[in-house]
Amino acid sequence: MMPDTAPSWLKPAPIAGMWEVAFGPNVLYISADGQYLVRGDILKIDGFENVSRPARNRARLAVVDGMGDANLIVFTPKSFQHTVTVFTDVDCGYCAKLHNEMQTYLDAGIRIRYAAFPRAGIGSESYRKMVAVWCSDDQQTAITMSKAGQDVAAKTCPNPVADQYEVGQLVGVRGTPTIVLETGDLVPGYLP
């Protein structure tokens, strides 16, 4: 039975008699009678299209955007057409390679937002380095130095590193760099 007024997290599914339920980065499907729950992709046979993907991407993007620019390290060109969020680790070689190409991205009109994802986990040496970067007075210089293997003065403060690590895990980050495009698509690994 279709409710007269549905909450924002409940929408008709691409299959008749089903509802799409979004919570956080997760999207599930439930039968209209509430008896069945489906976790997985819905594929349209004609064209073999994954019709679940847009809903999952919207849910992922909402969670990533919920971190807020003020909690991310943002490199912004004078004029930009695109924004990507990169889950990064200062001890990741491919993250450093991507960072070394920052000016190319900025010149192309791409704004880069860094979110912390210390691959070794909370409390690790990478985590401590990332806290020092996020607590620096000049975060852009600090992350550039840290990715180049230079020491950043150890410093602590209230910071979002642990929260961003959790968000990364929620949205499917398994390694670094992982890029979340403005469509919500997840791109694992380094790409030029």
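Q: Which residue stands opposite phenylalanine 75 in this model?

A: A good general idea to start with: strands of a sheet pair through backbone hydrogen bonds, either parallel or antiparallel. In this predicted model, phenylalanine 75 faces isoleucine 112, a residue of β9.

Q: How many bridges join β7 to β9, and do the two strands run parallel or antiparallel?

A: Three bridges link β7 to β9, the strand of residues 110-116, and the pair is antiparallel.

Q: What is the strand order of the open sheet?

A: Reading across, the five strands come as β7-β9-β8-β10-β11, and their pairing is mixed. At the edges lie β7 (73-75) and β11 (186-188), each with pairing on one side only. From one strand to the next, the twist averages 20°.

Q: Which helices pack on the sheet?

A: Helix α1, residues 53-65, packs there and touches β8 (82-88), β9, β10 (178-180) and β11. The direction of α1 makes about 100° with that of β10. Helix α4, residues 125-134, also packs on the sheet, in contact with β7, β8 and β9. For α4, the angle with the direction of β9 is about 130°.

Q: Now for a single residue: where is asparagine 26, and why is it called partly exposed?

A: Asparagine 26 belongs to strand β3, which covers residues 26-31. The label rests on relative accessible area: under 20% is buried and over 50% is exposed. Asparagine 26 has 34%, so it is partly exposed.

Q: How many residues apart in sequence are asparagine 26 and arginine 58, and what is their distance in space?

A: They are 32 residues apart in sequence, and 10.0 Å apart from C-alpha to C-alpha.

How values were computed:
Residues numbered from 1 in each chain as written. Predicted model: local features only at pLDDT ≥ 70, side-chain atom pairs only at ≥ 80, totals over all residues. Heavy atoms only, no water. Helix = DSSP H or I, 4+ residues; strand = E, 2+ residues; numbered from the N terminus. Buried < 20%, exposed > 50% of the residue type's maximum accessible area, 1.4 Å probe, protein only. Pairing = 2+ DSSP bridges. Axes fitted to C-alpha atoms, helices over the stretch in contact; angles between N-to-C directions. Contact = heavy atoms within 4.5 Å.
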